[in-house]
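This report describes the packing, strand pairing and side-chain links of one protein chain. The sequence and the model are shown first.

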Amino acid sequence: NTTIYVLDESKFGSTTESAIIFQLDLPGAHHGVAYTIDKQHMLHSLPTPERVARETNSSLPSHFRVIDFEGNTLHPMNDTDNKDSHCTGYHGSGKLDGSYALACDDEHAGMLVVDFDDSMAAENAYSSRYLPYPTDAKFESHRTGTIVSHSGADILVSDFANRNDGSFHIMGFHPSQSAIETPQVFTLPARHCLFGFEQSEGEYVYIMTPEDGTLHVLEYDGNHWDVVVQKAIIPGMSACSEVVATIGVNQVFVAHVASKKLYVANVYSGDDHAHRGLRRRELEGEDGVHIDVFSNDLPFFAERIVVAGLTKDAACEKHPTLEEPGDDSAAVMAAPMMRAMAFGVAALAIAMM
């Protein structure tokens, strides 16, 4: 079965109050999603009737609904004859500006967008509509399976692929669109190993593809993609299964498992003075965006890698007593895995096998 919990994080660690403010039990386990929309409403998926009856092995849902925390349905989405009201083969979602994009399969040929208008009464505040995938013939049988967002970005970014014919892309869009156009799709040379927004400002999207671990830095300009810079960071790499990777603050961290080596790609602009101590040479006269790669041996085989960080400005705002790192600080001169400290506060965690 499926259980959805809504938690109040202010009560985490309390010995007198439960952090659970709402619980919903559903028949049938499924690979679904749940969003709290405000303090009273929730959008969530429902297992298919076939899944509940154990007549299918697929755990992907197609039905959704918005409910209040008393269990009342405010907006059902279960009409399989209406693309505005269901999402076949759901996998992946994102939220932007009061809209929720739910990625559907290639049969559905688009997304289900749920809109929330907080100026309306609850019973009229929700609507849903079909957002078609690009209709260019070369995108036949493509679908999105993962959507990423960033608080500083005005678009959602998703993968867009037909794995059967080896066609892989990245797509930028806003849920308010009536359709997604071909220029919003960027074609990749191979399936991505990693993609997402740079953590601090969300200005760039970082993508890594397997051939020599190439890092692509992209910028979404209006309704199309521009390649800002790209660089091979792991010589000899040929498959995503060789590495574990994550995106940090102006950086990408990649652990090559077999060689027990950590690679750090620093992405910087020519006028970024914060990197001068990091690179230990002047950048004056260098324009544009660049990538420097550092490597360091690991004493173990990496299984997972996670980085968390704040930009220098954000760190100083949240922690005004924090000393700002200078060019000669230990943080800047530290081992490659700690280079994110040059921009603020960061922590890197690598799980061993």
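A disulfide is here a pair of cysteine sulfur atoms within 2.5 Å. The model under discussion is a predicted one.

**Disulfides**

Two disulfides are found when the whole structure is searched. Counted along the chain, the bonded cysteines follow the pattern 1-2, 3-4.

One of these bonds joins Cys87 to Cys104, with an S to S distance of 2.1 Å. The torsion about this S-S bond is -125°, and the link of Cys87 and Cys104 is left-handed. Cys87 belongs to the loop between strand 6 (73–77) and strand 7 (93–96), and Cys104 to the loop between strand 8 (99–103) and strand 9 (110–116), so the bond ties together parts that are 17 residues apart in sequence. Cys87 and Cys104 are both buried.

Cys193 and Cys240 form a disulfide with an S to S distance of 2.0 Å. Its handedness follows from the torsion about the S-S bond, which is about -80°, so the disulfide of Cys193 and Cys240 is left-handed. This pair links distant parts of the chain, 47 residues apart: Cys193 lies in the loop between strand 14 (185–187) and strand 15 (194–197), while Cys240 lies in the loop between strand 18 (224–232) and strand 19. Because its relative accessibility is 23%, Cys193 counts as partly exposed. Cys240 also counts as partly exposed, because its relative accessibility is 24%.

**Nonpolar cores**

The largest nonpolar core contains 19 residues, and Tyr206, Leu215, Val217, Val252 and Val254 have the most contacts inside it. At least two residues of this core come from each of strand 16 (205–209), strand 17 (214–221), strand 19 (243–247), strand 20 (251–256), strand 21 (261–269) and strand 22 (289–297). Strand 21 gives the most to this core, supplying three residues.

The surroundings of Val252 can be listed in detail. Apart from neighbours within four places in sequence, Val252 is in contact with Leu194, Tyr206, Leu215, Thr246, Ile247, Tyr263, Val264 and Ala265. A second core, separate from the largest one, has 17 residues, and Met77, Cys87, Tyr90 and Tyr100 are among them.

**Strand 12 and its partners**

Strand 12 spans residues 156–162, and seven of its seven residues are buried. Leu156, Ser158, Phe160 and Asn162 point one way from the strand, whereas Val157, Asp159 and Ala161 point the other way; all are buried.

Strand 12 pairs with strand 11 (residues 147–148) in the antiparallel sense, over two bridges. In this pairing, Val157 of strand 12 stands opposite Val148. Strand 12 also runs antiparallel to strand 13 (residues 167–173), to which seven bridges join it. Met171 in strand 13 is the bridge partner of Ser158. Strand 12 and strand 13 form a hairpin with four residues between them, and Gly166 in the turn has a positive phi of about 70°.

**Salt bridges**

Three salt bridges are found in a search of the whole structure. They are listed below.

| Acidic residue | Basic residue | N to O distance |
|---|---|---|
| Asp8 | Lys11 | 2.8 Å |
| Asp115 | Arg129 | 2.7 Å |
| Asp297 | Lys261 | 2.7 Å |

In the salt bridge of Asp115 and Arg129, Asp115 lies in strand 9 and Arg129 in strand 10 (residues 126–132), so the pair ties together parts that are 14 residues apart in sequence. Asp115 is buried because its relative accessible area is 17%, whereas Arg129, at 21% relative accessibility, counts as partly exposed. The threshold that applies to both residues is 20% relative accessible area, under which a residue is buried.

Lys261 and Asp297 link distant parts of the chain, 36 residues apart, with Lys261 in strand 21 and Asp297 in strand 22. Asp297 has a relative accessibility of 54% and therefore counts as exposed. Strand 21 and strand 22 also each supply at least two residues to the largest nonpolar core.

In the salt bridge of Asp8 and Lys11, Lys11 counts as partly exposed because its relative accessibility is 21%.

How values were computed:
Residues numbered from 1 in each chain as written. Predicted model: local features only at pLDDT ≥ 70, side-chain atom pairs only at ≥ 80, totals over all residues. Heavy atoms only, no water. Core = buried A, V, L, I, M, F, W, Y, C linked by side-chain atoms within 4.5 Å. Buried < 20%, exposed > 50% of the residue type's maximum accessible area, 1.4 Å probe, protein only. Contact = heavy atoms within 4.5 Å. Pairing = 2+ DSSP bridges. Salt bridge = Lys/Arg side-chain N within 4 Å of Asp/Glu carboxyl O.
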